[in-house]
Amino acid sequence: MAPPTPRLVVSVDLKKKPWEQALPLHNRWHPEIPPVAHVKVSEVFRVEMVDWTGSVIKDDDSAADVKFIDLSTVHYLSGPIRVVDKETPAMPGDLLAVEICNLGPLPGDEWGYTATFDRENGGGFLTDHFPCATKAIWYFEGIYAYSPHIPGVRFPGLTHPGIIGTAPSMELLNIWNEREREVEENGHNSLKLCEVLHSRPLANLPSTKGCHLGKIKKGTAEWEKIAKEAARTIPGRENGGNCDIKNLSRGSKIYLPVFVEGANLSTGDMHFSQGDGEVSFCGAIEMSGFLELKCEIIRGGMKEYLTPMGPTPLHVNPIFEIGPVEPRFSEWLVFEGISVDESGRQHFLDASVAYKRAVLNAIDYLSKFGYSKEQVYLLLSCCPCEGRISGIVDAPNAVATLAIPTAIFDQDIRPKAGKVPIGPRLVRKPDVLRCSYDGNLPTTKNPAASM
(Lines give C-alpha, C1' and ligand atoms only; values in the text may rest on other atoms or scores of the structure.)
Protein backbone atom coordinates (compact mmCIF):
# COMPACT_ATOMS: atom_id res chain seq x y z
CA MET A 1 0.00 0.00 0.00
CA ALA A 2 1.06 3.57 -0.60
CA PRO A 3 2.31 5.34 2.52
CA PRO A 4 -0.28 7.52 4.28
CA THR A 5 -0.39 11.29 3.90
CA PRO A 6 1.96 12.87 6.48
CA ARG A 7 0.08 13.57 9.70
CA LEU A 8 -0.18 17.27 10.57
CA VAL A 9 1.04 17.51 14.16
CA VAL A 10 1.60 21.29 14.43
CA SER A 11 -0.46 23.74 12.38
CA VAL A 12 -0.24 27.53 12.31
CA ASP A 13 -2.70 30.25 11.42
CA LEU A 14 -0.80 33.22 9.96
CA LYS A 15 -3.60 35.57 11.04
CA LYS A 16 -2.89 34.78 14.68
CA LYS A 17 0.01 35.70 16.96
CA PRO A 18 2.47 32.91 17.86
CA TRP A 19 1.08 32.65 21.40
CA GLU A 20 -2.51 32.55 20.07
CA GLN A 21 -1.98 29.39 18.00
CA ALA A 22 -3.96 26.25 18.83
CA LEU A 23 -0.60 24.78 19.88
CA PRO A 24 1.26 27.85 21.22
CA LEU A 25 4.77 28.40 19.90
CA HIS A 26 7.88 29.00 21.99
CA ASN A 27 11.07 31.07 21.59
CA ARG A 28 13.33 29.69 24.30
CA TRP A 29 15.17 26.44 25.08
CA HIS A 30 14.36 24.78 28.42
CA PRO A 31 13.87 21.14 29.51
CA GLU A 32 10.56 21.92 31.21
CA ILE A 33 8.74 23.39 28.18
CA PRO A 34 6.12 20.66 27.70
CA PRO A 35 5.66 18.88 24.36
CA VAL A 36 2.68 19.90 22.26
CA ALA A 37 2.63 16.74 20.12
CA HIS A 38 3.81 13.13 20.09
CA VAL A 39 5.16 11.14 17.12
CA LYS A 40 6.35 7.57 16.64
CA VAL A 41 9.53 6.53 14.91
CA SER A 42 9.22 5.90 11.15
CA GLU A 43 6.06 8.04 11.02
CA VAL A 44 6.15 10.85 8.45
CA PHE A 45 4.65 13.94 10.06
CA ARG A 46 4.14 17.56 9.06
CA VAL A 47 5.08 20.67 11.05
CA GLU A 48 4.03 24.19 10.03
CA MET A 49 5.95 27.30 11.09
CA VAL A 50 5.54 31.05 11.12
CA ASP A 51 8.49 33.13 9.91
CA TRP A 52 11.10 33.72 12.59
CA THR A 53 9.59 37.07 13.68
CA GLY A 54 6.05 35.75 14.01
CA SER A 55 4.83 37.76 10.99
CA VAL A 56 6.11 41.10 12.32
CA ILE A 57 7.90 41.92 9.04
CA LYS A 58 5.43 42.86 6.29
CA ASP A 59 5.35 42.82 2.50
CA ASP A 60 5.20 46.62 2.18
CA ASP A 61 7.24 49.65 1.11
CA SER A 62 8.96 50.47 4.40
CA ALA A 63 11.87 49.15 6.47
CA ALA A 64 10.47 50.67 9.68
CA ASP A 65 9.29 47.25 10.86
CA VAL A 66 12.89 46.02 10.66
CA LYS A 67 14.32 49.10 12.39
CA PHE A 68 12.01 48.94 15.39
CA ILE A 69 11.55 45.17 15.80
CA ASP A 70 11.77 43.82 19.35
CA LEU A 71 14.47 41.16 19.04
CA SER A 72 13.61 39.68 22.43
CA THR A 73 10.48 38.17 20.88
CA VAL A 74 11.89 36.44 17.78
CA HIS A 75 12.75 32.88 16.69
CA TYR A 76 9.37 31.29 17.28
CA LEU A 77 9.61 27.52 17.15
CA SER A 78 6.98 24.86 16.50
CA GLY A 79 7.08 22.09 19.09
CA PRO A 80 8.39 20.61 21.29
CA ILE A 81 7.56 17.21 19.81
CA ARG A 82 8.01 14.06 21.90
CA VAL A 83 9.43 11.09 19.97
CA VAL A 84 8.72 7.50 21.01
CA ASP A 85 9.67 4.04 19.70
CA LYS A 86 6.57 1.91 20.29
CA GLU A 87 5.96 2.87 23.93
CA THR A 88 9.52 3.80 24.86
CA PRO A 89 10.53 7.46 24.41
CA ALA A 90 13.89 8.68 23.21
CA MET A 91 16.14 8.83 26.27
CA PRO A 92 19.17 10.90 27.29
CA GLY A 93 22.23 9.48 25.56
CA ASP A 94 20.34 8.45 22.44
CA LEU A 95 20.72 10.03 19.01
CA LEU A 96 17.61 11.30 17.25
CA ALA A 97 17.93 10.86 13.48
CA VAL A 98 15.61 13.38 11.80
CA GLU A 99 15.10 13.04 8.04
CA ILE A 100 13.73 15.94 6.00
CA CYS A 101 11.31 14.30 3.56
CA ASN A 102 9.71 17.44 2.16
CA LEU A 103 9.52 21.17 2.84
CA GLY A 104 8.46 24.49 1.35
CA PRO A 105 6.60 27.77 1.87
CA LEU A 106 3.08 27.66 3.23
CA PRO A 107 0.53 27.68 0.39
CA GLY A 108 -0.79 31.20 -0.19
CA ASP A 109 2.21 32.80 1.53
CA GLU A 110 4.84 32.48 -1.20
CA TRP A 111 7.05 35.45 -0.38
CA GLY A 112 9.92 36.29 1.93
CA TYR A 113 12.33 39.03 2.94
CA THR A 114 15.99 39.73 3.64
CA ALA A 115 17.02 42.55 5.96
CA THR A 116 19.72 44.22 8.03
CA PHE A 117 18.96 45.46 11.51
CA ASP A 118 19.77 48.92 12.79
CA ARG A 119 23.18 48.99 14.48
CA GLU A 120 21.53 49.99 17.77
CA ASN A 121 19.14 47.01 17.51
CA GLY A 122 20.98 43.83 16.55
CA GLY A 123 23.20 44.97 13.69
CA GLY A 124 24.87 42.27 11.60
CA PHE A 125 28.25 40.95 10.44
CA LEU A 126 29.08 44.26 8.70
CA THR A 127 27.07 46.57 10.96
CA ASP A 128 30.01 49.00 11.31
CA HIS A 129 29.86 49.50 7.52
CA PHE A 130 26.06 49.29 7.15
CA PRO A 131 24.41 50.74 10.28
CA CYS A 132 20.97 51.41 8.73
CA ALA A 133 17.99 49.08 8.80
CA THR A 134 17.23 47.85 5.28
CA LYS A 135 14.79 45.37 3.69
CA ALA A 136 14.25 43.62 0.38
CA ILE A 137 11.11 41.65 -0.48
CA TRP A 138 11.37 38.43 -2.51
CA TYR A 139 8.65 36.62 -4.46
CA PHE A 140 8.70 32.95 -5.39
CA GLU A 141 8.09 31.42 -8.81
CA GLY A 142 8.32 27.69 -8.18
CA ILE A 143 11.92 27.07 -7.15
CA TYR A 144 13.07 30.57 -8.17
CA ALA A 145 13.16 33.84 -6.23
CA TYR A 146 13.27 37.40 -7.52
CA SER A 147 13.09 40.81 -5.82
CA PRO A 148 11.78 44.16 -7.06
CA HIS A 149 14.35 45.74 -4.73
CA ILE A 150 17.37 43.93 -6.21
CA PRO A 151 16.54 43.76 -9.93
CA GLY A 152 18.56 41.83 -12.47
CA VAL A 153 18.94 38.80 -10.22
CA ARG A 154 17.03 35.49 -10.17
CA PHE A 155 18.11 32.23 -8.56
CA PRO A 156 16.80 28.86 -7.37
CA GLY A 157 16.33 28.49 -3.64
CA LEU A 158 17.71 25.67 -1.51
CA THR A 159 14.94 25.73 1.08
CA HIS A 160 15.84 24.65 4.61
CA PRO A 161 15.02 25.17 8.31
CA GLY A 162 17.37 27.58 10.05
CA ILE A 163 16.60 26.02 13.44
CA ILE A 164 16.12 22.36 14.35
CA GLY A 165 17.11 20.97 17.71
CA THR A 166 16.32 19.03 20.85
CA ALA A 167 15.67 20.35 24.35
CA PRO A 168 18.68 20.71 26.67
CA SER A 169 18.91 19.05 30.05
CA MET A 170 19.07 21.35 33.08
CA GLU A 171 22.77 20.57 33.44
CA LEU A 172 23.45 21.58 29.84
CA LEU A 173 21.29 24.69 30.15
CA ASN A 174 23.35 25.81 33.16
CA ILE A 175 26.56 25.29 31.15
CA TRP A 176 25.20 27.49 28.35
CA ASN A 177 24.10 30.28 30.66
CA GLU A 178 27.35 30.32 32.63
CA ARG A 179 29.70 30.48 29.63
CA GLU A 180 27.57 33.00 27.69
CA ARG A 181 27.26 35.26 30.74
CA GLU A 182 31.07 35.25 30.97
CA VAL A 183 31.34 36.40 27.33
CA GLU A 184 28.76 39.15 27.76
CA GLU A 185 30.25 40.48 31.00
CA ASN A 186 33.98 40.25 30.18
CA GLY A 187 34.28 39.83 26.43
CA HIS A 188 34.76 43.51 25.62
CA ASN A 189 37.97 43.52 27.61
CA SER A 190 39.24 40.01 26.91
CA LEU A 191 38.28 39.26 23.30
CA LYS A 192 40.34 41.18 20.72
CA LEU A 193 37.90 40.27 17.95
CA CYS A 194 35.39 42.68 19.50
CA GLU A 195 37.50 45.50 18.08
CA VAL A 196 36.84 44.26 14.52
CA LEU A 197 33.39 42.65 14.65
CA HIS A 198 30.81 45.04 16.04
CA SER A 199 27.67 42.93 16.45
CA ARG A 200 26.17 43.54 19.89
CA PRO A 201 25.30 42.22 22.40
CA LEU A 202 28.10 39.69 22.67
CA ALA A 203 25.59 37.12 23.96
CA ASN A 204 21.84 37.00 24.42
CA LEU A 205 21.27 36.00 28.04
CA PRO A 206 18.02 34.66 29.55
CA SER A 207 15.35 37.34 29.83
CA THR A 208 11.68 37.35 30.72
CA LYS A 209 11.12 40.12 28.17
CA GLY A 210 9.49 38.75 25.03
CA CYS A 211 9.62 35.20 26.41
CA HIS A 212 7.08 32.63 25.21
CA LEU A 213 7.08 29.12 26.60
CA GLY A 214 4.42 27.29 24.62
CA LYS A 215 1.75 25.76 26.86
CA ILE A 216 3.12 27.36 30.03
CA LYS A 217 0.88 30.29 30.90
CA LYS A 218 2.57 33.67 31.19
CA GLY A 219 2.41 35.21 34.65
CA THR A 220 2.30 31.95 36.59
CA ALA A 221 4.98 31.04 39.12
CA GLU A 222 6.11 28.24 36.80
CA TRP A 223 6.45 30.68 33.89
CA GLU A 224 8.43 33.18 35.97
CA LYS A 225 10.89 30.51 37.10
CA ILE A 226 11.47 29.00 33.67
CA ALA A 227 11.60 32.35 31.82
CA LYS A 228 14.51 33.47 34.03
CA GLU A 229 16.47 30.32 33.16
CA ALA A 230 15.50 29.54 29.56
CA ALA A 231 18.15 30.05 26.89
CA ARG A 232 17.58 32.33 23.92
CA THR A 233 17.36 30.61 20.55
CA ILE A 234 19.75 33.00 18.74
CA PRO A 235 22.96 30.86 18.59
CA GLY A 236 23.49 27.25 17.60
CA ARG A 237 24.67 25.03 20.46
CA GLU A 238 25.21 21.37 21.43
CA ASN A 239 21.52 20.61 20.81
CA GLY A 240 21.65 21.83 17.20
CA GLY A 241 19.38 24.85 17.25
CA ASN A 242 20.08 27.87 15.05
CA CYS A 243 22.80 26.32 12.87
CA ASP A 244 21.62 27.98 9.61
CA ILE A 245 23.12 25.27 7.42
CA LYS A 246 21.84 26.15 3.98
CA ASN A 247 22.19 22.64 2.53
CA LEU A 248 19.76 20.96 4.96
CA SER A 249 17.07 20.52 2.36
CA ARG A 250 15.10 17.54 0.99
CA GLY A 251 16.76 14.23 1.73
CA SER A 252 18.98 15.60 4.48
CA LYS A 253 19.27 13.92 7.84
CA ILE A 254 20.22 15.46 11.18
CA TYR A 255 21.63 13.32 14.01
CA LEU A 256 20.73 15.23 17.17
CA PRO A 257 21.89 14.33 20.69
CA VAL A 258 19.06 13.61 23.14
CA PHE A 259 19.31 15.27 26.55
CA VAL A 260 15.76 14.82 27.94
CA GLU A 261 13.18 12.05 27.82
CA GLY A 262 11.27 12.19 24.53
CA ALA A 263 13.96 14.40 22.91
CA ASN A 264 11.48 17.32 22.66
CA LEU A 265 12.27 18.27 19.06
CA SER A 266 11.56 21.84 17.92
CA THR A 267 12.04 23.59 14.59
CA GLY A 268 11.45 26.93 12.88
CA ASP A 269 13.10 29.87 11.10
CA MET A 270 12.34 28.62 7.57
CA HIS A 271 14.53 29.93 4.74
CA PHE A 272 13.76 29.85 1.02
CA SER A 273 17.45 30.47 0.30
CA GLN A 274 20.57 31.53 2.18
CA GLY A 275 24.21 32.31 1.49
CA ASP A 276 26.92 30.78 3.65
CA GLY A 277 27.27 32.86 6.80
CA GLU A 278 23.87 34.61 6.55
CA VAL A 279 25.97 37.75 6.86
CA SER A 280 23.27 40.41 7.18
CA PHE A 281 21.88 38.58 10.29
CA CYS A 282 18.24 38.74 9.13
CA GLY A 283 19.96 37.40 6.16
CA ALA A 284 18.28 34.47 4.49
CA ILE A 285 15.06 34.80 2.51
CA GLU A 286 12.95 34.49 5.64
CA MET A 287 9.50 32.93 5.25
CA SER A 288 6.76 30.88 6.85
CA GLY A 289 6.82 27.25 5.81
CA PHE A 290 6.37 23.56 6.53
CA LEU A 291 8.54 20.51 7.09
CA GLU A 292 7.64 16.86 6.61
CA LEU A 293 9.90 14.81 8.85
CA LYS A 294 10.62 11.23 9.88
CA CYS A 295 12.49 10.28 13.05
CA GLU A 296 14.47 7.25 14.16
CA ILE A 297 16.07 6.64 17.55
CA ILE A 298 19.63 5.31 17.77
CA ARG A 299 19.83 3.90 21.28
CA GLY A 300 23.02 4.92 23.09
CA GLY A 301 24.09 6.81 19.99
CA MET A 302 25.70 9.76 21.77
CA LYS A 303 28.39 7.59 23.39
CA GLU A 304 28.74 5.43 20.28
CA TYR A 305 29.12 8.19 17.66
CA LEU A 306 29.73 11.58 19.32
CA THR A 307 33.05 12.40 21.00
CA PRO A 308 32.75 15.11 23.68
CA MET A 309 34.98 18.11 23.00
CA GLY A 310 34.95 19.69 26.44
CA PRO A 311 34.90 18.96 30.16
CA THR A 312 31.63 16.94 30.26
CA PRO A 313 29.90 14.23 28.16
CA LEU A 314 27.36 16.94 27.22
CA HIS A 315 29.91 18.88 25.16
CA VAL A 316 28.98 17.24 21.86
CA ASN A 317 27.66 18.48 18.53
CA PRO A 318 25.17 17.08 16.02
CA ILE A 319 26.10 15.38 12.77
CA PHE A 320 24.47 16.49 9.52
CA GLU A 321 23.97 14.37 6.41
CA ILE A 322 23.36 16.59 3.38
CA GLY A 323 20.70 15.49 0.90
CA PRO A 324 21.15 15.09 -2.87
CA VAL A 325 19.10 18.14 -3.88
CA GLU A 326 20.80 21.46 -4.63
CA PRO A 327 21.04 24.05 -7.45
CA ARG A 328 23.67 23.30 -10.08
CA PHE A 329 26.06 26.08 -11.10
CA SER A 330 29.16 25.64 -13.23
CA GLU A 331 30.75 29.11 -13.16
CA TRP A 332 31.69 31.06 -10.06
CA LEU A 333 33.48 34.32 -9.25
CA VAL A 334 35.50 33.83 -6.07
CA PHE A 335 36.58 36.61 -3.71
CA GLU A 336 39.41 36.14 -1.22
CA GLY A 337 39.92 37.67 2.20
CA ILE A 338 42.87 37.48 4.58
CA SER A 339 43.10 38.17 8.30
CA VAL A 340 44.06 41.83 7.93
CA ASP A 341 41.36 44.28 9.00
CA GLU A 342 40.27 47.53 7.31
CA SER A 343 42.84 49.59 9.25
CA GLY A 344 45.65 47.39 7.88
CA ARG A 345 46.25 45.65 11.21
CA GLN A 346 47.43 42.05 11.06
CA HIS A 347 45.47 39.37 12.94
CA PHE A 348 46.75 35.89 13.65
CA LEU A 349 44.94 33.18 11.63
CA ASP A 350 41.57 34.80 12.32
CA ALA A 351 38.98 33.30 9.95
CA SER A 352 36.27 35.80 10.97
CA VAL A 353 38.40 38.78 9.94
CA ALA A 354 39.33 36.97 6.71
CA TYR A 355 35.69 36.22 5.86
CA LYS A 356 34.72 39.82 6.59
CA ARG A 357 37.36 40.96 4.11
CA ALA A 358 36.11 38.49 1.48
CA VAL A 359 32.53 39.74 1.83
CA LEU A 360 33.62 43.40 1.70
CA ASN A 361 35.70 42.68 -1.40
CA ALA A 362 32.69 41.08 -3.10
CA ILE A 363 30.40 43.98 -2.17
CA ASP A 364 32.77 46.61 -3.51
CA TYR A 365 33.32 44.67 -6.73
CA LEU A 366 29.64 44.03 -7.52
CA SER A 367 28.71 47.63 -6.76
CA LYS A 368 30.69 48.56 -9.90
CA PHE A 369 27.92 46.94 -11.97
CA GLY A 370 25.12 49.32 -11.05
CA TYR A 371 24.10 47.98 -7.66
CA SER A 372 24.15 49.89 -4.40
CA LYS A 373 26.35 48.35 -1.73
CA GLU A 374 23.25 47.75 0.39
CA GLN A 375 21.71 45.72 -2.43
CA VAL A 376 24.83 43.57 -2.72
CA TYR A 377 25.08 43.09 1.05
CA LEU A 378 21.54 41.68 1.20
CA LEU A 379 22.07 39.62 -1.94
CA LEU A 380 25.23 37.93 -0.61
CA SER A 381 23.35 37.05 2.55
CA CYS A 382 20.57 35.16 0.77
CA CYS A 383 21.75 33.94 -2.66
CA PRO A 384 23.33 30.46 -2.98
CA CYS A 385 26.92 31.66 -2.52
CA GLU A 386 29.57 29.39 -1.01
CA GLY A 387 31.83 30.44 1.86
CA ARG A 388 35.04 28.54 2.58
CA ILE A 389 37.96 28.60 4.99
CA SER A 390 40.64 28.02 2.39
CA GLY A 391 43.67 28.27 4.65
CA ILE A 392 43.99 28.07 8.43
CA VAL A 393 47.65 26.97 8.95
CA ASP A 394 49.85 29.44 7.07
CA ALA A 395 50.67 31.99 9.77
CA PRO A 396 49.87 34.76 10.14
CA ASN A 397 47.03 34.85 7.58
CA ALA A 398 43.88 32.82 7.56
CA VAL A 399 42.38 32.80 4.06
CA ALA A 400 38.61 32.78 3.50
CA THR A 401 36.78 32.81 0.19
CA LEU A 402 33.30 33.68 -1.02
CA ALA A 403 32.19 32.10 -4.31
CA ILE A 404 29.27 33.68 -6.17
CA PRO A 405 27.48 31.84 -9.02
CA THR A 406 27.66 34.13 -12.05
CA ALA A 407 24.48 32.69 -13.59
CA ILE A 408 22.21 34.44 -11.09
CA PHE A 409 22.87 37.82 -12.78
CA ASP A 410 21.37 39.06 -16.05
CA GLN A 411 24.74 40.60 -17.03
CA ASP A 412 28.32 39.37 -17.29
CA ILE A 413 30.06 40.34 -14.05
CA ARG A 414 33.51 38.96 -14.89
CA PRO A 415 36.52 41.28 -15.26
CA LYS A 416 37.40 42.12 -18.88
CA ALA A 417 39.93 44.19 -20.80
CA GLY A 418 39.12 47.87 -20.62
CA LYS A 419 36.98 49.68 -18.07
CA VAL A 420 33.89 48.43 -16.26
CA PRO A 421 30.86 48.87 -18.57
CA ILE A 422 28.70 51.88 -17.80
CA GLY A 423 25.35 53.10 -19.02
CA PRO A 424 21.63 53.17 -18.16
CA ARG A 425 21.29 49.41 -18.65
CA LEU A 426 23.48 48.82 -15.62
CA VAL A 427 21.65 51.11 -13.21
CA ARG A 428 19.68 48.93 -10.78
CA LYS A 429 16.66 50.80 -9.49
CA PRO A 430 14.78 50.89 -7.23
CA ASP A 431 17.10 50.30 -4.30
CA VAL A 432 16.43 48.33 -1.13
CA LEU A 433 14.06 49.82 1.42
CA ARG A 434 15.97 51.62 4.14
CA CYS A 435 15.66 53.77 7.25
CA SER A 436 18.04 56.40 8.58
CA TYR A 437 20.61 55.51 11.22
CA ASP A 438 19.98 57.79 14.20
CA GLY A 439 22.72 56.52 16.52
CA ASN A 440 26.14 57.99 17.13
CA LEU A 441 28.44 54.95 16.82
CA PRO A 442 31.24 55.51 14.31
CA THR A 443 31.16 53.66 11.00
CA THR A 444 34.18 51.90 9.51
CA LYS A 445 35.55 53.35 6.29
CA ASN A 446 38.00 51.88 3.85
CA PRO A 447 40.98 54.33 3.96
CA ALA A 448 41.88 53.55 0.35
CA ALA A 449 38.36 54.17 -1.02
CA SER A 450 38.99 57.88 -1.63
CA MET A 451 42.38 57.42 -3.30
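## A tour of spaces and contacts

Pro80 has its place in strand E5 (strands are DSSP runs of E, at least two residues, and helices are runs of H or I, at least four, both numbered from the N terminus). This is a predicted model, in which local features need pLDDT of at least 70 and side-chain atom pairs count only at pLDDT 80 or more, while totals for chains, interfaces and linings use all residues. Residues are numbered from 1 along each chain as its sequence is written, and side-chain values use heavy atoms, with hydrogens and water left out.

**Some backbone details**

Let's stay with Pro80 for a moment. The peptide bond that leads from Gly79 to Pro80 is cis, and its omega is near -5°. A second cis bond to look for joins Ala395 to Pro396, with omega near 10°. Pro396 sits in a loop, between strand E22 (386-391) and strand E23 (399-405). Most peptide bonds are trans, and most residues other than glycine have a negative phi. With that in mind, turn to Phe281, a residue that is not a glycine but has a positive phi of about 85°. Phe281 belongs to strand E18.

**Pockets and a cavity**

Now for the spaces in the model. They are found on a 1 Å grid over the protein atoms alone: a cavity is a set of points where a 1.4 Å probe fits but cannot get out, a pocket is an open set with protein on both sides within 12 Å along at least five of seven lines, and lining residues have an atom within 4 Å of a point. Points are joined across faces, edges and corners, and the volume is the space filled by probe spheres set on them. In the table, Ala, Val, Leu, Ile, Met, Phe, Trp, Tyr, Cys and Pro count as nonpolar, Asp, Glu, Lys and Arg as charged, and the others, Gly among them, as polar.

| Space | Volume | Lining residues by class |
|---|---|---|
| Largest pocket | about 1500 Å³ | 19 nonpolar, 14 polar, 11 charged |
| Second largest pocket | about 380 Å³ | four nonpolar, four polar, six charged |
| Largest cavity | about 30 Å³ | four nonpolar, four polar, no charged |

Which residues lie nearest the centre of the largest pocket? They are Ser199, Pro201, Leu202, Ile234 and Phe281, out of 44 residues in the lining. So you meet Phe281 again here, the residue with the positive phi. At least two lining residues come from each of helix H2 (170-190), strand E17 (265-271), strand E18 (281-286) and helix H5 (351-366).

The second largest pocket takes up about 380 Å³. Its lining has 14 residues, and His129, Leu360, Asp364, Lys373 and Asn446 are the closest to the centre. Helix H5 gives the most to this lining, namely five residues.

There is one cavity of 30 Å³ or more in the structure. His26, Trp29, His30, Ile33, Pro80, Ala167, Asn264 and Ser266 line the largest cavity. Pro80, which follows the cis bond from Gly79, is therefore a name to find twice.

**Two domains and their salt bridges**

The chain divides into domain 1 (7-321) and domain 2 (332-434), with bounds from an automatic or database domain assignment. Their centres, taken over C-alpha atoms, are 27 Å apart. Between the two domains about 3200 Å² is buried, and carbon and sulfur atoms give 66% of that area (buried area is the accessible area, with a 1.4 Å probe, that two parts lose on being put together, summed over both). On the domain 1 side, Phe130, Val196 and Asp276 lose the most area to domain 2, together 18% of what that side buries.

Side chains of opposite charge can pair when their charged atoms come close. The structure holds 27 salt bridges (a side-chain nitrogen of Lys or Arg within 4 Å of a carboxyl oxygen of Asp or Glu). Between domain 1 and domain 2 the count is four. Lys356 pairs with Asp128 in a salt bridge, their closest N and O atoms lying 3.0 Å apart. Another salt bridge joins the side chains of Arg82 and Glu261, at 2.9 Å from N to O. This pair links distant parts of the chain, 179 residues apart: Arg82 is in strand E5 (residues 77-85), and Glu261 is in the loop between strand E16 (253-257) and E17.
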